[in-house]
Amino acid sequence: MAAVAATALALTGCTSGGDDKPAEKPAGPVTIKVWAWYPEFQGVVDNFNATHTDIKIEWTNAGTGQDQYTKLQTALKAGKGAPDVAMLELQEIPTFALTKHLVDLGKYGANDVKGDYVEWAWKQVSSGDQVYAIPVDAGPMAMMYREDIFKKYGLTVPKTWDEYKQQAEKLKTASAGKSFITDFGANDGGFMSGLFWQAGAQPYNYDLANPTSIGVNVNSAEAKKVIEYWEGMVNAGLADTTAFHTTDFYNGLGSEKYATYLAAGWGPGYIQANAAKSSGKWKVAPLPQWVAGENKQGDWGGSSFAVTDQAKYPDVAAKVAMELFGAKNTEAWKIGIDKAFLFPTATPVLESDTFKNKQYDFFGGQKVNEVFVPAYNAIGPFSWSPFNSYNFNQLTTNINQAIEKKTSWTAALDTAQANVKTYATQQGFKVQ
């Protein structure tokens, strides 16, 4: 787990790096170094370089997720070796912004594209007029289900979590315990956070405008409602607990082991790549609701482009961050959507007929974005802590303890709450 590189009380403010007067440009194109791990990203880089004579992107895959973040934190602390532009997942932005290593893109016109994004997505990357990154993709959640398994066992598509449990019980009986309604991957803090988000939980109250203060409510009533539900599902043998993103997990999706997958908007791409033999058997339906008729949604994952304070030409780097997957970059998004299964945050791309009406062979020709786009638009606000690695570690460690029956699931959340509060205090935050 990664600790915050500077304690909160050591900060005098949360201003971003970057020089208001960029260095004088060279005679030829300006080279901008980018770190990112997007699938099929080479084609996006090639397209950018082919359409810009004044900028040349040099792309490096420095690792996925925490692997990249560890290298990035080391380079930023050392004052050298960091890229000009870095891919950051949305939940990691407060961590990097807190240490004042991200350029305020608002100085370079970022607020001019604010209208291209829905409110909740833009708030993930900004505080007031300060903009710490440009959103790229998101992970609105929905329920993918195996139509063939539903038909085989006479299941109906559930609209509420109560109905979901009822169908799980029916499936267990009809399949003689060979099939689970789903897999609860407790190794992924983003997955659990997405479910908490849908239920209205707000584990953290944090704003970079007031960087030394944080509210911690990991074990809220809403979060406990979610965790108690899944405790019942797992203990009754209705949901499996295989770790996500493993061979066993993907084998389960490709066989008849799992009837549904509570997936993010990017999830189908991973199934398509790792459980190809199930192609044509899947459909997508909205995430079940806690209250019938409501439209509450959650997000699992999502990413952005940020500019580091080591960028020699922050104005040019800002342009790269805004344009690589910008709302008007149809060629980049064609690659991102068709080949990488990214779910765009830019509203003009989301609302385009091309995206909304796209039929997916993997889903039997279904226009799955007719489900994912409304889910994305209905997502409410949510804030992250500036120590998300520790946050996710506490969630996954303690809930897995509960799965192993070493503690109760709600007690696991209480432990996470206590540990996070202690950690935040030790880091110098004033905990509300």
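**Notes on two helices, the pockets and the cavities**

1. In helix 6, which runs over residues 161-174, the 14 residues should span 20 Å at 1.5 Å a residue, and the end C-alpha atoms are indeed 20 Å apart, so the expected and computed lengths agree. The model is a predicted one, and the points that follow should be read with that in mind.

2. Which residues of helix 6 are buried? They are Trp161, Tyr164, Gln167, Ala168 and Leu171. When helix 6 is viewed down its axis, these buried residues fall within an arc of 110°, and they therefore line one face of the helix. A general point helps in reading this pattern: an α-helix has 3.6 residues a turn, so residues three or four places apart point the same way. On the other side of helix 6, Asp162 and Thr173 are exposed.

3. The buried residues of helix 6 have several packing partners, namely strand 7 (142-146), helix 5 (147-152), strand 8 (182-183), helix 7, helix 8 (221-235) and strand 12 (260-263). Just after helix 6 comes Ala176, which takes a positive phi of about 55°.

4. One of those partners, helix 5, contains Asp148. Asp148 is partly exposed, its relative accessible area being 27%. Although Asp148 and Glu256 are 108 residues apart along the chain, their C-alpha atoms are separated by 9.1 Å.

5. Helix 2 can be checked in the same manner. At 1.5 Å a residue its 13 residues should span 18 Å, and the end C-alpha atoms lie 18 Å apart, which agrees. Its buried residues are Gln68, Tyr69, Leu72, Ala75 and Leu76, and because they fall within an arc of 130° when seen down the axis of helix 2, they line one face of the helix.

6. What does the face of helix 2 turned away from its buried side carry? It carries the exposed residues Asp67, Thr74, Lys77 and Ala78. The buried residues of helix 2, for their part, pack against strand 1 (30-35), strand 3 and helix 3. Helix 2 is followed by Gly79, whose phi is positive and near 85°.

7. Turning to empty space, the largest pocket has a volume of about 960 Å³. It is lined by 34 residues, and those closest to its centre are Trp37, Thr64, Gly65, Glu89 and Asp188. The elements that give two or more residues to this lining are helix 2 (66-78), strand 3 (85-89), helix 7 (189-198), strand 14 (299-307) and helix 16 (388-403). Sorted by class, the lining of the largest pocket has 16 nonpolar, 14 polar and 4 charged residues.

8. The second largest pocket holds about 470 Å³ of space. Of the 22 residues that line the second largest pocket, Lys123, Gln124, Ser126, Tyr206 and Ser383 lie nearest its centre. Two or more lining residues come from each of helix 3 (93-98), helix 4 (119-123) and strand 4 (126-127), and helix 4 gives the largest share, 4 residues. The lining of the second largest pocket divides into 11 nonpolar, 7 polar and 4 charged residues.

9. How many cavities of 30 Å³ or more does the structure hold? There are 3 of them, and the largest cavity contains about 50 Å³ of space. The largest cavity is lined by Ser193, Phe196, Pro203, Tyr204, Val218, Phe382, Ser383, Trp384, Asn391 and Leu395. Helix 7 and helix 16 are the elements that give two or more residues to the lining of the largest cavity. By class, this lining has 7 nonpolar and 3 polar residues, with no charged residues.

10. In the second largest cavity there is about 40 Å³ of space. Its lining consists of Gly265, Ile337, Phe341, Leu342, Phe343, Phe355, Tyr360, Asn369 and Phe372. Divided by class, the lining of the second largest cavity has 7 nonpolar and 2 polar residues, and again no charged residues.

11. Some names recur across these points and are worth finding in the structure. Helix 7 packs against the buried residues of helix 6, gives two or more residues to the lining of the largest pocket, and does likewise for the lining of the largest cavity. Ser383 is among the residues nearest the centre of the second largest pocket, and Ser383 is also one of the residues that line the largest cavity.

Conventions:
Residues are numbered from 1 along each chain as its sequence is written. This is a predicted model: local features need pLDDT of at least 70, side-chain atom pairs count only at pLDDT 80 or more; totals for chains, interfaces and linings use all residues. Side-chain values use heavy atoms; hydrogens and water are left out. On a 1 Å grid over the protein atoms alone, a cavity is a set of points where a 1.4 Å probe fits but cannot get out, and a pocket is an open set with protein on both sides within 12 Å along at least five of seven lines; lining residues have an atom within 4 Å of a point. Grid points are joined across faces, edges and corners, and a volume is the space filled by probe spheres set on the points. Ala, Val, Leu, Ile, Met, Phe, Trp, Tyr, Cys and Pro count as nonpolar, Asp, Glu, Lys and Arg as charged, and the others, Gly among them, as polar. The expected span of a helix is 1.5 Å times one less than its number of residues. Buried means under 20% relative accessible area, exposed over 50%, partly exposed in between (1.4 Å probe, protein chains only). The arc is that of the directions from the helix axis to the C-beta atoms. Contact means heavy atoms within 4.5 Å.
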